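Reader: Hi, I've just opened this one and I'm new to it. Could you walk me through it?

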Amino acid sequence: MTEPGSALLVRALEANASHTSESVRAVTAQLIREGALAAGARLPTVRELAQHCGLSTRTVVAAWGELRKEGLIATNRRGGTVVAALDEIPTGRALADRDLLTGSPDYDLQPDLAPAMLAGLHTDRLNRPGRDYITDRLRDAVVDGWPFAAEAFVAAGGGSEGLFLAVDAAAPAGSLVAVEEPVMPGFLDTLADVGYEVVGIESDEQGALADSLASALRREPSVVVLQPEGGYAACGALSADRAAELAEVLSSAKSMPWIVEDDAVGPLAHTQAPSLGSYFPARSVRVRSYCKAYGMDIRTCVIGGSASLVERAIRARVHGIAANSRILQNALAHLIDDRETAALIDTARGRYAARRTGLLSALREQGVTARSGINSLVVWVEVADEQGALLRLARHGIVVGSGAKSHVSSPRPGAVRVAVPQLPDDTASIAELARLLAEAAGAAHREFLD
């Protein structure tokens, strides 16, 4: 490699200890934005870069793909891969290809599951008869970090499955379920499909509102679903003072409900929120999801808390027949305990926070009202007409979520939901997204009949 830019990039990557696609992307992007790699500079081929830096070609391909999405590099048929001119970057390019709807994680910020799966195979219980509803290794990995002294644990499928399983165990079909709003996309639809009646609980920057919870409890729900970490919150996470207030309200209730806490962010949370399980251990469970942090194919959450409710959850899952694979459970235990994985999760946590803060700041500059909690996986953007906003954005190839789908009653003013994990890092694309959201915020949907 004789090109000056190629040699500079190789030296920078060799000086970086990490060999992930994310580190390759970040190092290259920094050199481009600082001007060290000038516009038009030819970059090494995938194979050349992999050989000189001890990388896999898959790692370089993934990094190059993200840089193309950001408009920082371009690949020509004859000219190879070159640095794009920053003043010519089409800022909208980074938007349409990103998942701003479902909240799928940034795959480059997730660990390689292969070592974890191999670690999951190392057990003398492999293929033995019987069911391990939670393996010893997984229980040992989670117990010290649980927010209250859980009486029992069980592993289930992904976080969405675990949350519904806990609710199903706590509340008979057709009964009333109280949920802290806004909730995870799809959850209200699932509750409605089963036949539950649902009442909403409002929240603010400290978590569920005590007065709103008290109002819901007067209707005697079978279960209350809270989100202490605020994985889909519009404001914040549960504070210790607010937890004490909620505990007092629950203690005064005519009928004490089951308490299910949804921890959708898991290891990605900046701080672990307090739990109502500290006040009511025999009536509470927390459902902790790991898929957003470690990958969808880990497909294992942990439910911990009341022994009675955990036992109900085990029976509710195909009458106790179903149990998660020991391999997956022990693979999850490996990821929880692994230091390299913890370092990558720290990086992901910081990147997601920067993306969330960047969009909120850009929206404020556009005069748009938007909110998000410290751990939230989404940004909520106020709009005059939700349907009009969704259609306006879709014309630009941008698909975001419906605010009404996460509320028992449609919020006023309306809102749309923008997923955080795959937001672009470059300020130009974030500014473009904010501009398009600002335009959509005032759009109206009108139907005409000829």
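Author: Here is a short tour, from the overall chain to two sheets and one helix. This is a predicted model, where local features need pLDDT of at least 70 and side-chain atom pairs count only at pLDDT 80 or more, while totals for chains, interfaces and linings use all residues. Residues are numbered from 1 along each chain as its sequence is written, and side-chain values use heavy atoms, with hydrogens and water left out.

Reader: Cool. How many helices and strands does the protein chain have?

Author: The protein chain has 17 helices and 15 strands. Those are DSSP runs numbered from the N terminus: helices are H or I with at least four residues, strands are E with at least two.

Reader: And what is the radius of gyration of the protein chain?

Author: The protein chain has 24 Å, which agrees with the value near 22 Å for a compact globule of 450 residues. The radius is taken over C-alpha atoms, and the globule rule is 2.2 Å times the number of residues to the power 0.38. Along the principal axes, the C-alpha atoms fill a box of roughly 75 × 70 × 45 Å.

Reader: How much of the chain counts as buried?

Author: 55% of the 450 residues. Buried means under 20% relative accessible area, exposed over 50%, and partly exposed in between, with a 1.4 Å probe and protein chains only.

Reader: OK, sheets. What is the strand order in the sheet of seven?

Author: This open sheet runs S3-S11-S10-S9-S8-S4-S5, with mixed pairing. Two strands pair if DSSP finds at least two bridges between them. At the edges are S3 (152–156) and S5 (197–201), each pairing on one side only.

Reader: Which way do S3 and S11 run, parallel or antiparallel?

Author: Antiparallel, with five bridges joining S3 to S11 (residues 301–305). Ala156 stands opposite Cys301 in S11. S4 and S5, on the other hand, run parallel, also joined by five bridges, and Glu180 has Ile201 in S5 as its bridge partner.

Reader: S5 is an edge strand, so is it buried or open to the outside?

Author: Four of the five residues of S5 are buried, so the strand is largely enclosed by the rest of the structure.

Reader: Got it. What about the sheet of four strands?

Author: That one is also open, ordered S12-S13-S15-S14 with antiparallel pairing. Its edge strands are S12 (370–371) and S14 (401–402). Two bridges join S12 to S13 (residues 378–383), and Ala370 stands opposite Val381 in S13.

Reader: Which strands does helix H16 touch?

Author: H16 (residues 386–394) packs on the sheet and touches S13, S14 and S15, where touching means heavy atoms within 4.5 Å. Its direction makes about 35 degrees with that of S15. Helix H15 (residues 339–365) lies across S12, S13 and S15 (414–419), at about 15 degrees to S13. Axes are lines fitted to C-alpha atoms, for helices over the stretch in contact, and angles run from 0 to 180 degrees between N-to-C directions.

Reader: Switching topic: which residues of helix H3 are buried?

Author: In H3 (residues 46–53), they are Leu49, Ala50 and Cys53. Seen down the axis, they fall within an arc of 100 degrees, so they line one face of the helix. The arc is that of the directions from the helix axis to the C-beta atoms.

Reader: And what's on the face turned away?

Author: The exposed residues Arg47 and Gln51 are there. After H3 comes Gly54, with a positive phi near 65 degrees.
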